[in-house]
Amino acid sequence: MNELYLQAEEFINKTYKELNKEELIPKRLKEIEHEIETSNHYNHTFEELEHGAKMAWRNANKCIGRLFWNTLSIKDAREIREDDHVFEALESHVRYATNKGKIRPTMTIFAPRRKGHTPVRIINHQIIRYAGYNFNNEIIGDPDSIPFTKLCQSLGWQGEGSHFDLLPLVIQLNDGELVWRSLQEKDVLQVDISHPELPDMNDLGLKWYAVPIISDMLLEIGGIRYPAAPFNGWYMGTEIGARNFADESRYNCLLAVAETMELDTSKASTLWKDRALVELNRAVLYSFQKVGVSIVDHHTAAEQFKKFEKNEQVANRELTGTWSWLIPPVSPAVTHIFHKEYNDQFVSPNFHYQNRIYN
Ligand code: HEM
Ligand SMILES: N=C(Nc1cccc(CNC[C@@H]2CCCN2)c1)c1cccs1
């Protein structure tokens, strides 16, 4: 029996049951069987695409934000074939998702792989991200972006060399040459980081973008693979405050924060790193909330995840998760997640990593 048909059958049965449309299953499976026989492919209806994308989020084992899986907004971009229209769809995604700060979880889905070809690929890791440079061992910007920044420069893009240069969009159509275009600054909401009690924190000149939009993962639904399906939610504060700003291999700010707090950094046992980390994370949450940009603290996120666990039990679905990714990087053991185990099994529909064409 055809492997693609088996995956389609499993997806249709599960989906139409969840949508209370079981009576339509036999007819739909006949249509799909015929389509696969004649073209070794089948096309999802918008409803199948929409629910499949929501199921993929629900099955994302590393995601603590899954309580809201059923609220995902889907933009159908499967008919887009020209680079100008791809760029327009991405800029439209940024504006729609940003929503002046009241972030809307959104996914734009471009054409699926067919006959070994990839109609659209987005090369960026995230739609909005800062450049990274290594000027003779002087590191500027986000070190994580150094390889992609070099690729952009090789395509003719030039940054200003600041710590927060917005990277351009880079796409590939039909496995062809790379095409790039800069985002419009006015579309990119960014938040200046200040502290509720420590005024000197402003002098660090820190800021971050409001909307994280992952654009390099492949979405698989019922055996059909969508290599370009950028998706966004809102940030959990620790992603910015405990990783992007604090990792030594990222913006490496902890010592600078400790110095503005006039902490004793002479020995580890003063726990100066922990005190700087907490205040930096408080500053991130305070700054986003002050300007009305959606963000969640790691305690609230863990409580929401607990509600998700309960909902899945009531829905009679096996919960799957990746413990090491679900625990937050700040105070993990004060969340319930730390104290339980999770079944890290893969369930389709889901997301997959895919090869990076730069390094
Ligand atoms: C709505 C707010 C959301 C929050 C607060 C949230 C939070 C997170 C966090 C903190 C991570 C770990 C990221 C890291 O440590 O680098 C994560 C991973 C992930 N999330 Fe969510 N998420 C949200 C929405 C979404 C949406 C809308 C999708 C897709 C439709 C999604 C899919 C994923 C996936 C696939 C991963 C794993 C990424 C990887 O393997 O690198 N999340 N999420
Ligand atoms: N809040 C978010 N964070 C998030 C989710 C998935 C993946 C990522 C990026 N993870 C990889 C980064 C890059 C180095 C280590 N972490 C961030 C969301 C991004 C898109 C939807 S929600």
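Biologist: In which loop does Cys 63 lie?

Modeller: Good place to start, and please keep in mind that this is a predicted model. Cys 63 sits in the loop between α3 (46-58) and β1 (73-77).

Biologist: Which protein atom is the donor to the iron atom of ligand 1?

Modeller: To read a metal site, list the protein atoms that count as donors. Here the list has a single entry: the SG atom of Cys 63, which is 2.4 Å from the iron.

Biologist: Which residues come nearest to ligand 1?

Modeller: There are 17 residues around ligand 1, and those that come nearest are Trp 57, Cys 63, Phe 231, Trp 234 and Tyr 353. Then look for polar atom pairs. An oxygen atom of ligand 1 has a polar side-chain atom of Tyr 353 at 2.5 Å. The side chain of Trp 57 places an N or O atom 3.4 Å from a nitrogen atom of ligand 1.

Biologist: And what residues are around ligand 2?

Modeller: Read it in the same way, surroundings and then polar pairs. Around ligand 2 are His 125, Arg 129, Pro 212, Ile 214, Phe 231, Asn 232, Gly 233, Trp 234, Tyr 235 and Glu 239. Glu 239 has a polar side-chain atom 2.5 Å from a nitrogen atom of this ligand, and a polar backbone atom of Trp 234 is 3.0 Å from a nitrogen atom of ligand 2. You will recognise Phe 231 and Trp 234 from the list for ligand 1.

Biologist: Let's turn to helices. What span should the 19 residues of helix α8 have?

Modeller: A helix has an expected rise for each residue, so its length can be checked against its residue count. At 1.5 Å a residue, α8 (residues 272-290) should span 27 Å, and the 26 Å between its end C-alpha atoms agrees with that. You can do likewise for α4, whose 16 residues reach 23 Å from first C-alpha to last, close to the expected 22 Å.

Biologist: What covers the buried residues of α8?

Modeller: Start with the buried residues themselves, which include Trp 272, Leu 277, Leu 280, Val 284 and Phe 288. The cover over the buried residues of α8 includes β8 (190-192), β9 (207-209), α6 (237-244), α7 (254-260) and β15 (295-296). On α4, the buried residues include Phe 87, Leu 90, His 93 and Val 94. They pack against β2 (106-110), β3, β6, β7 (178-181), β10 (213-214) and β13 (231-232).

Biologist: Which residues touch the most other members of the largest nonpolar core?

Modeller: Think of a core as a network of buried nonpolar side chains, and look for its best-connected members. In this core of 56 residues, those are Phe 110, Ile 127, Ile 128 and Phe 245. Elements giving two or more residues to this core include α4 (83-98), β3 (120-122), β6 (169-173) and α8. The largest share, eight residues, is that of α8. Another core, of 42 residues, lies apart from it, and its members include Ala 8, Leu 67, Leu 219 and Ile 337.

Biologist: Beyond its sequence neighbours, what is Ile 128 in contact with?

Modeller: Leaving out residues within four places in sequence, Ile 128 is in contact with Val 94, Leu 166, Leu 183, Val 188, Tyr 209, Val 211 and Ile 213.

Biologist: Is Gly 132 buried or exposed?

Modeller: Gly 132 has 2% relative accessibility, so it counts as buried. This glycine lies in strand β4 (residues 132-135). Its contacts further than four places away in sequence include Ile 140, Asp 142, Ile 146 and Thr 149.

Biologist: Where do I find a cis peptide bond?

Modeller: Check omega along the backbone. The bond from Ser 348 to Pro 349 is cis, with omega near -5°. Ser 348 is in the loop between α10 and β16, and its side chain makes a polar contact of 2.8 Å with that of Glu 220.

Biologist: Finally, what is the phi of Lys 100?

Modeller: When scanning phi, pick out positive values and ask whether the residue is a glycine. Lys 100 is not a glycine, yet its phi is positive at about 60°. It lies in the loop between α4 and β2, and it counts as exposed because its relative accessibility is 82%. Asn 316 likewise has a positive phi, near 65°, and at 73% relative accessibility it counts as exposed.

Key: Residues numbered from 1 in each chain as written. Chains lettered and ligands numbered in written order. Predicted model: local features only at pLDDT ≥ 70, side-chain atom pairs only at ≥ 80, totals over all residues. Heavy atoms only, no water. Donors = N, O, S within 2.8 Å, 3.2 Å for Na, K, Ca; no water. Helix = DSSP H or I, 4+ residues; strand = E, 2+ residues; numbered from the N terminus. Expected span 1.5 Å × (residues − 1). Buried < 20%, exposed > 50% of the residue type's maximum accessible area, 1.4 Å probe, protein only. Contact = heavy atoms within 4.5 Å. Core = buried A, V, L, I, M, F, W, Y, C linked by side-chain atoms within 4.5 Å. Near = heavy atom within 4 Å. Polar contact = N/O pair within 3.5 Å; in protein donor to acceptor, adjacent residues only side chain to side chain.
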